[in-house]
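User: I would like to go through this model and ask what stands behind each term used for it.

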Amino acid sequence: MIKIYEAKDYQEMSRKAANILSAQIILKPDCVLGLATGSTPIGTYDQLVEWYEKGDLDFSKVKTVNLDEYRGLERTNDQSYYYFMHEHLFDRVNIDPANTNVPDGTEPDAEKECERYERLIDSMGGVDIQLLGLGHNGHIGFNEPAASFAQKTHCVDLTESTIEANKRFFASADDVPRQAYTMGIGTIMRAKKILLVVNGEAKADIVAKAFFGPVTPEVPASILQFHNDVVVIGDSAALSKVPR
Ligand code: F6R
């Protein structure tokens, strides 16, 4: 079941999302957080850091697993998702780096790394709450529109639209890696709760399609309609095409 909450702007969206994540951390200090990168959750991480600095949040027992990582980027590359997570969250709170996990994009053996990652999530007891952003084409993690839903962590070829959307972070589109390791749709669906954040008018069409259209692997996020505990927090612009 999907519950949709409207926030008036990006800041309010971020604060509401951070509230939900912090409630999870307070209720279960050793919870497993599934985390996302991209521009949408940056404000959520900033808010969590602010509450940590005020003494309201303790990450010392929290464990994390990230959704995805570009294949072939070194951790020291400032476009790697490993780097992103350290910059926006891990290096700013008292989380134990040993408790944080991002797929290893430098492992050339894709099958080995994806298998390791999937087993790791299982061994942690699964994800308590998975934070997601939404791609313009409906992707979640790097699960691009496809003929079927991928079950497990796997290696994907990024679509032109994703390369186009992500090139803003690289010197040019040619520098965007062509592949990534990502949790599968099945991996994401096994999370106990899902929290999806989305903002901006450019996402309004895909929000309406994903949550009010047919469930199809051509719109990967549409599968969330079959999860029993999904919260979507969108700003007014992103929710502007949701049927009322
Ligand atoms: C990030 C991820 C992606 C993004 C999506 C939206 O780890 O898996 O699915 O959530 O591409 O990205 P932004 O927030 O930059 O619009």
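**The ligand and its pocket**

Analyst: The space that the ligand takes is the largest pocket, a pocket being an open set of points on a 1 Å grid where a 1.4 Å probe fits, with protein on both sides within 12 Å along at least five of seven lines. This is a predicted model, in which local features need pLDDT of at least 70, side-chain atom pairs count only at pLDDT 80 or more, and totals for chains, interfaces and linings use all residues. Residues are numbered from 1 along each chain as its sequence is written, and side-chain values use heavy atoms, with hydrogens and water left out.

User: What makes the atom of Lys 203 a polar contact of the ligand?

Analyst: A polar contact is a pair of N or O atoms within 3.5 Å, and a polar side-chain atom of Lys 203 lies 2.8 Å from a ligand oxygen atom, so the pair qualifies. Of the ligand's 400 Å² exposed when taken alone, the protein buries 93% (Shrake-Rupley method, 1.4 Å probe).

User: Why is the protein, with its 7 helices and 10 strands, called as compact as a globular protein of its length?

Analyst: Its radius of gyration is 17 Å, close to the 18 Å that the globule rule gives for 244 residues, so the description holds; the radius is taken over C-alpha atoms, and the rule is 2.2 Å times the number of residues to the power 0.38. Helices (H or I, at least four residues) and strands (E, at least two) are DSSP runs. The C-alpha atoms fill a box of roughly 40 × 40 × 35 Å along the principal axes.

Conventions: Polar contact = N/O pair within 3.5 Å; in protein donor to acceptor, adjacent residues only side chain to side chain. 1 Å grid on protein atoms, 1.4 Å probe; cavity = no way out; pocket = protein on both sides within 12 Å on 5 of 7 lines; lining within 4 Å. Sits in = over half its atoms within 2 Å of the grid points.
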